[in-house]
Amino acid sequence: MDLLLQDVLIIPQPDVASIYRSNIVIEDNIISEISSQAQIPDPEYIINGKSIVVLPPPINSHTHLPMTLLRGFSDNKPLYAWLEDIWKVEGKFDADWIALGTKLAALEMIKGGTGGAADFYFHESVIGKVLVEAGLRGWLGAGILPSAFVDQGGYEFQLEELGRTLDLAKGSPLLTASVAPHSQVTVPEETILKAADLAQSHQIPLMIHASETRKEVMDSEDKYGVPPVERLDQIGFFREETNEILAHCTWITQREVEILGKHQATVGWCPVSSQKLAYGGTTPIPELRSTGAVIALGTDGAASNNTLDLWREMREAVNVISAARWDPALYPAEHVLEDTNWAFRRKFHLESLIKVGNQADLVALDFHSPHLRPTYNIISNIVYAANGSDVHSLIVNGNLLMLNREVLTLNEEQILEEIEDRVKELF
Ligand SMILES: [Zn+2]
């Protein structure tokens, strides 16, 4: 595929001073030139226009993609009552349903300009195949939950699925396998440590939910005398050679902030889902950022968000911190943009930043819209005013997934129709 982006504004770093106008040439998946004279004789595709703003596409740091099937199914309930609703239906999800839910999620991600996701679910090899078909990046967290909450074949099946996910990701430029024990309250210690051993021996990321609710923290303190992240540290969950991704961390202590910083762990923060399920706590983002932990924004599943729109999530993230901490300067727009469009890439996929010689991962936003004018500060408009529907085109790994809002890798109409036709079978 060769593609010319002509006369576009480029945001190579999340700061206003770095923004410049230029042409970009992509040949054989790679950014081959960035300059105002850059041209190709007969480009297959051209993205043209003064109103186009280009930056690396956001990566969703924590989600459950097939849960798009349950969008709007259960609202206005606290976590455990909501989970009971969800588990009743989720138990019916076989590979077929997982594929359909992931197709809907992939379509939503492409239309919203998201370049990939760190997913956490069962049947990750099925999810990975759909992401490859869609052309999106995936960090596939093969779920480990030996208890009887969901009927997903049990622990043995989950380990086999991890094996299939590892095989699928081998040699794929888009996929990274990962192992994902559900949480320290739902998975026994020896199984959590087995998962950490597997992550270490395969050199893959290790995902877990941690300190999501106050109840989880209280239960951990009652049972083990310490809160969840501290306990994970005590039992040897964090390893020198392993990259850990902890979802939520809504209720953590200063000591736990320091533990996460010491291990340079990634925190997959999902502010919209946390607010909707009324967790009450606020992840201490400014403190975490100053300790060396990596903050990466996520949406959580569409059953608790209810969208996968990371542009909306950015705006909410800043507002949550400002409101909770009585300080609108504590988490400025540049920081949340870094935590959505750069942080995860810097940690897990450096070769996809906007630079000559790198793999081309680019999202093009169209600023030709009343809610994005005037443009005193482009970063302010992106964080506080833009939505997923402002995405014009999306390129991942040098492939064009959407051009001028037309999805090129998936059949949009067919997926929407299939969802409408089939989803009633679940209930
Ligand atoms: Zn989650």
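The legends below accompany an overview and several close-up views of a predicted protein model.

**Figure 1. Overview of the predicted model, with its helices and strands.** The secondary structure of the protein comes to 14 helices and 17 strands. Its radius of gyration is 21 Å, close to the 22 Å that the globule rule gives for 427 residues, so the protein is as compact as a globular protein of that length. Taken along the principal axes, the box that the C-alpha atoms fill is roughly 65 × 45 × 40 Å. Of the 427 residues, 51% count as buried. Among contacts with a separation of 6 or more, 73% are made by residues 24 or more positions apart.

**Figure 2. Close-up of strand β7 (residues 116-121) and its neighbours.** Six of the six residues of this strand are buried, so β7 is largely enclosed by the rest of the structure. In a regular strand the side chains alternate between the two faces of the sheet. In β7, Gly116, Ala118 and Phe120 point one way, while Ala117, Asp119 and Tyr121 point the other way, and all of these residues are buried. Strand β6 (residues 59-63) pairs with β7 in the parallel sense over three bridges, and Ile59 has Gly116 of β7 as its bridge partner. The pairing of β7 with β8 is also parallel and runs over six bridges, with Asp119 standing opposite Leu140 in β8. Together with α3, the strands β7 and β8 make a right-handed β-α-β unit.

**Figure 3. Close-up of helix α4 (residues 154-169), with its buried and exposed residues.** At 1.5 Å a residue, the 16 residues of this helix should span 22 Å, and the end C-alpha atoms are 22 Å apart, which agrees. The buried residues of α4 are Gln158, Glu161, Leu162, Thr165, Leu166, Leu168 and Ala169. These buried residues cover an arc of only 160° around the axis, which puts them on the same side of α4. On the other side of the helix, Glu156, Phe157 and Asp167 are exposed. The elements that cover the buried residues of α4 include α3 (124-134), β8 (137-144), β9 (175-181) and α5 (189-202). After the helix comes Gly171, whose phi is positive, near 80°.

**Figure 4. Close-up of helix α5, with the elements that its buried residues pack against.** This helix has 14 residues and reaches 20 Å from its first C-alpha to its last, close to the 20 Å expected at 1.5 Å a residue. Within α5, the residues Ile192, Ala195, Ala196, Leu198 and Ala199 are buried. Seen down the axis of the helix, the buried residues of α5 fall within an arc of 155°, so they line one face of the helix. Glu190 and Ser201, on the other side of α5, are exposed. The buried residues of α5 pack against β8, α4 and β9, and also against β10 (206-210) and α7 (228-235). The helix is followed by Gln203, whose phi is positive, near 55°.

**Figure 5. Close-up of Trp269 in strand β12 (residues 266-269)****.** With 29 C-beta neighbours inside 10 Å, Trp269 counts as buried, because a residue is buried if 20 or more other C-beta atoms lie within that distance of its own. Leaving aside residues up to four places away in sequence, Trp269 touches Thr283, Ile285, Ile295, Leu297 and Gly298. Trp269 and Cys249 are 20 residues apart in sequence, and in space their C-alpha atoms are 7.3 Å apart.

**Figure 6. Close-up of Thr299 in the loop between β13 (294-297) and α11 (310-325)****.** Although Thr299 lies in a loop, this residue counts as buried, with 30 C-beta neighbours inside 10 Å. Not counting residues up to four places away in sequence, Thr299 touches Asn60, Thr63, Cys270, Val272, Ser273, Asn305, Thr307, Leu308, Leu310 and Glu313. Ala360 is 61 residues from Thr299 along the chain, and the C-alpha atoms of these two residues are separated by 24 Å.

Technical notes: Residues are numbered from 1 along each chain as its sequence is written. This is a predicted model: local features need pLDDT of at least 70, side-chain atom pairs count only at pLDDT 80 or more; totals for chains, interfaces and linings use all residues. Helices (H or I, at least four residues) and strands (E, at least two) are DSSP runs, numbered from the N terminus. The radius of gyration is taken over C-alpha atoms; the globule rule is 2.2 Å times the number of residues to the power 0.38. A residue is buried if 20 or more other C-beta atoms lie within 10 Å of its own, exposed if 12 or fewer, and partly exposed in between; C-beta atoms are placed from the backbone. Two residues are in contact if their C-beta atoms, placed from the backbone, lie within 7 Å. The expected span of a helix is 1.5 Å times one less than its number of residues. The arc is that of the directions from the helix axis to the C-beta atoms. Two strands pair if DSSP finds at least two bridges between them. A crossover is right-handed if, with the strands pointing away from the viewer, the path from the first strand over the helix to the second runs clockwise.
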